[in-house]
Each structure stands twice: as structure tokens, then as C-alpha cells.
Amino acid sequence: MNGTTAADTSGVEQGNDPCGFAVLVWSMLRMSVLIMVRYRLNFAIQLVGMYAFFAIVFFGGQEAVRSAGVGSVSALGSSLDAIIVGWFVYSMAQNAYSSLSGVITAESRWGTLEQLYVSPHGFERIMGAKLIINLTLSLLMGFLMLLLMVVTTDRTLTLDAFTILPLIVLTLMSVLGLGFTFGGLTLIYKKLSSVSRLMQLALLGLVAAPAADVFALRFLPLVQGSAMLQKAMREGTRLWEFRAHDLAILVGAAVVYIGGGTLVFMVCSFVARKRGVMGHY
């Protein structure tokens, strides 16, 4: 009896220990990297597929302009840069959104989802660690894709780390909120692959949304951050040169969507446990 109590107490202390959380994040990050290496062909196809779609749009558009004779390709410089920045944002957003719900689906399919609830770290802390890892891997994937695009198109963009990194993190927070929302719904309804495919198209539309023309669009996920990243990377606008209300909309959208997504996830988790369908797939 005393041994069980001591073990439980030790588990709780381990879960609340900041060092224990750091170890948890590191272990899960290492596992994610090992899975990518183990299934490297799938990872390579994913990367090549993303770049192939970009190449079709970028080089296909250039060839269409030459064939139509409607103007010089060099006159499209600003539009070509916009395509690169837009695809850079989309590749990170797509990865951030799909990886979270994909992990929950995989854990449910493997039958290990219920085990996360008895972990001394707690299910919520594990999901928080997954959020950090998804954000980190999305950034790595995005910058790898950006490197490929810049090298192969010979275009030049402004890459001020002190400006674009905070903008990217805040932009992706809203997408992670969507990931938590659909991840929570996956706990109850198990298979939402058709919705995920529609969301990939929706994310593309949000990246290209005309935020400057329609003010209300700025409150949607991705829209404000995508517009500010376009200015930062194409025009060299620094973080402190943006207007205060633009930054306020970006921060507000990040907080609202990640908070709302987390709340929906917790409610769906409670409903799934109450119905006894947490580990069923």
C-alpha cells in the first residue's frame, strides 16, 4: 500500500518537474526523428511532392507567360517572390496541422493512446510536448523547403531571423489550434481523413487570402501572419516597423485559436473517455 503510494507520488513529482518535461520533449523529438529516418522513403516522397507542386506552379507560370507573350517574365519578379513566400508558409502550416491529428490517429490505431493517460507526465503535458515538437519540425521542414526554392529559382528574399521567426511561430499557433480541434474530434469520430483533405485546400486559400482588401479576413487563421511574412521577406519590413494593430491582430488570433483548439480538445477527450471509445479504432 505504502509502496504504491510512494510510486504514485514519485510519478506525479516526475510529471510536474520542469526537467522531467524537458526530458519528455527531448525523448518525443528523438522518437519523431527516428520515425522519419525509419520511414525515410515516405519522408522523401513527402518533401519531393511538396517541391514538385511548387515547381509546377512556379516554372509552369513562367512558361505560360513566355508562350502567351503577354509580358516579360522579369516583370513578374514581385509575383514570383510572393509564390515562394506563400508556398513556404503553406508547407509549414500543412505540416503543423496534419501532424497533430495524424499522431492522435496513429496512437489510437496502435492501441497506445490510453496508455498516455496513465503516464506520470499526464495526457495534457504530453500533448503540450507534441505541440512544441510539431512546431519545431514544421519550422525545419519549412526552411528546408525554402532553401530548395531559393536555390532552384535564383530569387532573393530578406531573411531577418529576429523578424520572421516570431511571425512564423505566431502564425503557426493558429494552425496548431485547428490541429488540436480536429485532433479532439478524431478521438470521438476516429476517421476524419476526408475533412483533413479539405483542410489542406482551405489552408492554401487562407495563405493566399487578400488580407489587404478585406479587413475581416485578417481574423481567420494564417491570413494575418501570411500577409506580414510577405512584407517581411519581400520588402524587408522589420518586426518593429509593423503597425501596432497588425501585431495585435496576429497575437490575438494566435491566442484565440490555440486556446480554443485546446479547449475543444479537452472537451472531446472528456467525451471520448465518458463514452469509453478512447482506444477504439
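The protein chain has a mean pLDDT of 80, and 87% of its residues reach 70 or more. The structure is a predicted model, and the pLDDT is the predictor's confidence in each residue. Within the chain, that confidence is highest in helix H9, at a mean of 91, and lowest in helix H1 (residues 2–16), at a mean of 49. The pLDDT is below 50 over residues 1–11, a stretch that has 1 contact in the model beyond near neighbours in sequence.

Two helices may be considered next, each together with the residue that follows. Helix H6 covers residues 123–153, 31 residues in total. From its first C-alpha to its last, H6 reaches 44 Å, close to the 45 Å expected at 1.5 Å a residue. Aspartate 154 follows H6 and has a positive phi, near 60°. Helix H7, at residues 161–189, has 29 residues. The distance from the first C-alpha of H7 to the last is 40 Å, close to the expected 42 Å. Just after H7 comes lysine 190, which also takes a positive phi, of about 70°.

How do H6 and H7 pack against each other? Their axes are 10 Å apart, and the angle between them is about 125°. An angle between 115 and 145 degrees counts as oblique, and H6 and H7 are therefore oblique to each other. Their crossing is right-handed. On the side of H6, the residues that meet H7 are Met127, Leu131, Asn134, Leu135, Ser138, Leu139 and Phe143. On the side of H7, they are Ile164, Leu165, Ile168, Val169, Leu172, Leu176 and Phe180. By class, this contact has 12 nonpolar residues, 2 polar residues and no charged ones. A general property of helices is helpful in reading such lists: an α-helix has 3.6 residues a turn, so residues three or four places apart point the same way.

H7 also meets helix H9, which spans residues 223–235. The axes of H7 and H9 come within 9 Å and cross at roughly 165°. Because an angle over 145 degrees counts as roughly antiparallel, H7 and H9 are roughly antiparallel to each other. The crossing of these two helices is left-handed. H7 contributes Thr163, Ile164, Leu167, Ile168 and Thr171 to the contact, while H9 contributes Gly225, Ser226, Met228, Leu229, Ala232 and Met233. These residues divide into 7 nonpolar, 4 polar and no charged. Ile164 and Ile168 of H7 thus appear in the contact with H9 as well as in the contact with H6.

Which residues of H9 meet helix H10? They are Gln224, Gly225 and Met228, and their partners in H10 are Asp246, Leu247, Ile249 and Leu250. The residues of this contact divide into 4 nonpolar, 2 polar and 1 charged. H10 covers residues 244–275, and its axis comes within 9 Å of that of H9, with a crossing of roughly 135°. H9 and H10 are therefore oblique to each other, and H9 passes H10 in a left-handed crossing. Gly225 and Met228 of H9 take part in the contact with H10 and also in the contact with H7.

Definitions and conventions: Residues are numbered from 1 along each chain as its sequence is written. This is a predicted model: local features need pLDDT of at least 70, side-chain atom pairs count only at pLDDT 80 or more; totals for chains, interfaces and linings use all residues. Side-chain values use heavy atoms; hydrogens and water are left out. Axes are lines fitted to C-alpha atoms, for helices over the stretch in contact, and angles run from 0 to 180 degrees between N-to-C directions. Helices (H or I, at least four residues) and strands (E, at least two) are DSSP runs, numbered from the N terminus. Angles under 35 degrees count as roughly parallel, over 145 as roughly antiparallel, 65 to 115 as roughly perpendicular and the rest as oblique. A crossing is left-handed if the near helix is turned anticlockwise from the far one by less than a right angle, and right-handed if clockwise. Contact means heavy atoms within 4.5 Å. Ala, Val, Leu, Ile, Met, Phe, Trp, Tyr, Cys and Pro count as nonpolar, Asp, Glu, Lys and Arg as charged, and the others, Gly among them, as polar. The expected span of a helix is 1.5 Å times one less than its number of residues. pLDDT is the predictor's confidence in each residue, from 0 to 100.
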